[in-house]
Amino acid sequence: MNKKLLSGPYLMWMIGFIIIPLALIVLYGVTDRSGSFTLANIISITTEEHAKALWLSLLLSFVSTALCLILAYPLAMILRSRGIGQGSFIVFIFILPMWMNFLLRTLAWQTLLERNGVINGVLSTLRLPSLNLINTPGAIILGMVYNFLPFMVLPIYNVLMKIDDNVVNAARDLGANSFQVLIRILLPLSIPGVVSGITMVFVPALTTFVISNLLGGSKILLIGNVIEQEFTKGSNWNLGSGLSLVLMVFILISMALIAKYDKNGEGTAF
Amino acid sequence: MTNRKIGFIKRIIQDFYLVIILVFLYAPIATMGVLSFNSSKSRTQWGGFTMNWYTDLFSSSTIMTALYNTLLIAFLSSLIAVIIGTAAAVAINSMDRVPRSILMGITNIPMLNADIVTGISLMLAFIAFGISLGFQTILIAHITFNIPYVILSVMPKLKQTDKSTYEAAMDLGATSVSAFFNVVFPDILPGVLSGFLLAFTMSLDDFIITHFTRGAGINTLSTLIYSEVRRGIKPSMYALSTIIFIAVLVLLLITNFAPKRKK
């Protein structure tokens, strides 16, 4: 029996439920309700409302990706220095919260951030002025960092764990200090993990509509909210598909980045 | 300062950082645990200790149906994804470079694509194929995004296996099927299991793709929670999440700290 035949069901599945659906989005995106060709759906990204939503999404997802990277890299370094014994346990620590529903976890942040919520309660017992936390872009960024941090930590951790200790020791023997080891050895060798972490945080952050809905109130619209509303409330599927095509440009850029910097798939999260 | 002192301070700073991150990760979960015992329905006021939400939970048929749907979809979708994905991984592993990278490229699409785009595209496809939205469409959607996780878990194990053991089994008269199940499969079993667990977790936690591919009249826990957001979440939901969380935590602690069997 030819082993390659085993990929038959998989290929059929992926063509039926990945390739054809994506082709349908493209088809809907470049046609109007009557089915004739138009670019109006895609061009509508330049209208003020949509451009503002896209710009805000880009800004918030960029900030949260940067924050995730800043938080995750030292964390991954510490986990590396603690040795392999705790390794799988650490991964569990990051996967475990996923067993508690994503929506509930984000809603719990509402409780913590609210005007008379837990954080402001602590502040007032310390006789500090209360903060306006909920329904701000800051709250959305916090929600993004909270939800997507594991997707930054795990790929970086996996890449760092693969670096041979002897490489680091060799650098030290040759007179490098800790900072030089980080800049000249660890950072360059961990690029595949960093790139894959960046895309795994940036793409979901850019396209989310749930986090902005729960933590941003109804006033802050991200591009994900606009698209979701076109499909659920507005029922202009052509417009929603057109805007999704614009989003896919950013997704394609991240795929290209992964292909360039992570050729061997070293930087996978799991 | 001596080196030893610097090392000590460094370790303290590292521990402090780890604790901060852990607090950040688990603060919302602890919040929900506390709220599940709060006799006031308000999310911000403590009204005294109660176990009522836990007893309410088991008599709420909406929550129990949604839980049943969620678990059934997670189990079936991971199981089917494991079968299709493992077969695909074996096939891809035996391919030449070019077809292999094409197939791995397709595998990466649902992982790198935005959930909202995957969800919408599947919804459009189901409507175009004439499949009515409901349990079956959620199941198909979950299988679709679960297969890549299985392939990515199984592939590294397959690469580690020695090709000659499979060939030796064939030389000794085994059929290719029995050679696979007796020789190759035990080697890749850890990858298959972790693929299953990962797929199960992802299916359990998914909201966005389910949101677009479910029809009216069927709810998973995620979509039920989302529909309750405006009216206010029933604290029984916190009770359920707390039970699930504690159960998984205990399970993981047992598997992690159980004395390792000798090889």
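This is a short talk on a predicted model with chains A and B, covering chain A, the interface, the nonpolar core, the salt bridges and two individual residues.

Let me begin with chain A taken by itself. Its secondary structure consists of 13 helices and 0 strands, so that, reading from the N terminus, one meets α elements from beginning to end. Along the principal axes, the C-alpha atoms of this chain occupy a box of roughly 75 × 70 × 35 Å. The chain has 270 residues, and 53% of them count as buried. If we take the contacts in chain A between residues at least 6 apart in sequence, then 74% of those contacts join residues at least 24 apart.

I turn now to the interface. On the side of chain B there are 85 residues in contact with chain A, and on the side of chain A there are 76 that meet them. The area buried between the two chains is about 7,700 Å², and carbon and sulfur atoms give 78% of that figure. As for polar pairing, 8 residue pairs are found in polar contact across the interface, counting pairs in which both residues have pLDDT 80 or more. Helix α1 of chain B, residues 3-35, gives the most to the side of chain B that touches chain A, with 16 residues. That side of chain B, sorted by class, has 64 nonpolar, 16 polar and 5 charged residues.

What, then, does the nonpolar core look like? The largest one has 160 residues, and the residues with the most contacts inside it are Tyr10(A), Val210(A), Ile116(B) and Met237(B). Helix α7(A) supplies the largest share of this core, namely 15 residues. Val210(A) is worth following in the structure: setting aside neighbours within four places in sequence, Val210(A) is in contact with Phe102(A) and Leu103(A) in chain A, and with Phe207(B), Ile208(B) and Tyr226(B) in chain B.

Next, the salt bridges. Side chains of opposite charge can pair when their charged atoms come close. Over all chains the count comes to 3 salt bridges, and I will take each of them in turn.

In one of them, the side chains of Asp165(A) and Arg80(A) meet with an N to O distance of 3.2 Å. Asp165(A) belongs to helix α8 of chain A, residues 165-173, and Arg80(A) to helix α3 of chain A, residues 48-81, so this pair ties together parts that are 85 residues apart in sequence. The two partners sit in unlike surroundings, in that Asp165(A) is partly exposed at 46% relative accessibility, whereas Arg80(A) is buried, with a relative accessible area of 16%.

Another salt bridge joins Arg105(A) to Asp205(B), at 3.0 Å from N to O. Because Arg105(A) lies in helix α5 of chain A, residues 102-113, and Asp205(B) in helix α8 of chain B, residues 176-205, the pair joins two chains. Between chain B and chain A the count is 1 salt bridge. Both Arg105(A) and Asp205(B) are buried.

The remaining salt bridge is in chain B, where the side chains of Lys234(B) and Glu228(B) meet at 3.9 Å, N to O. Here Lys234(B) is partly exposed, with a relative accessible area of 34%, while Glu228(B) is buried at 6% relative accessibility.

I would like to finish with two residues of chain A. Is Met248(A) buried or exposed? Met248(A), which lies in helix α13, residues 237-261, has a relative accessible area of 15% and therefore counts as buried, the cut-off being under 20%. Leaving aside neighbours within four places in sequence, Met248(A) is in contact with Leu22(A) in chain A and with Val117(B) in chain B. The C-alpha atom of Met248(A) is separated by 9.5 Å from that of Val203(A), a residue 45 places away along the chain.

The other residue is Arg127(A), which is found in the loop between α6, residues 118-125, and α7, residues 137-162, of chain A. Most residues other than glycine have a negative phi. Arg127(A), although not a glycine, has a positive phi of about 60°. With a relative accessibility of 77%, Arg127(A) counts as exposed, because the cut-off for that class is over 50%.

Notes:
Residues are numbered from 1 along each chain as its sequence is written. Chains are lettered from A and ligands numbered from 1 in the order in which they are written. Side-chain values use heavy atoms; hydrogens and water are left out. Helices (H or I, at least four residues) and strands (E, at least two) are DSSP runs, numbered from the N terminus. Buried means under 20% relative accessible area, exposed over 50%, partly exposed in between (1.4 Å probe, protein chains only). Contact means heavy atoms within 4.5 Å. Buried area is the accessible area (1.4 Å probe) that two parts lose on being put together, summed over both. A salt bridge is a side-chain nitrogen of Lys or Arg within 4 Å of a carboxyl oxygen of Asp or Glu. A polar contact is a pair of N or O atoms within 3.5 Å; within protein, one must be able to donate a hydrogen and the other to accept it, and residues adjacent in sequence count only if both atoms are side-chain atoms. Ala, Val, Leu, Ile, Met, Phe, Trp, Tyr, Cys and Pro count as nonpolar, Asp, Glu, Lys and Arg as charged, and the others, Gly among them, as polar. A nonpolar core is a set of buried Ala, Val, Leu, Ile, Met, Phe, Trp, Tyr and Cys residues joined through side-chain atoms within 4.5 Å.
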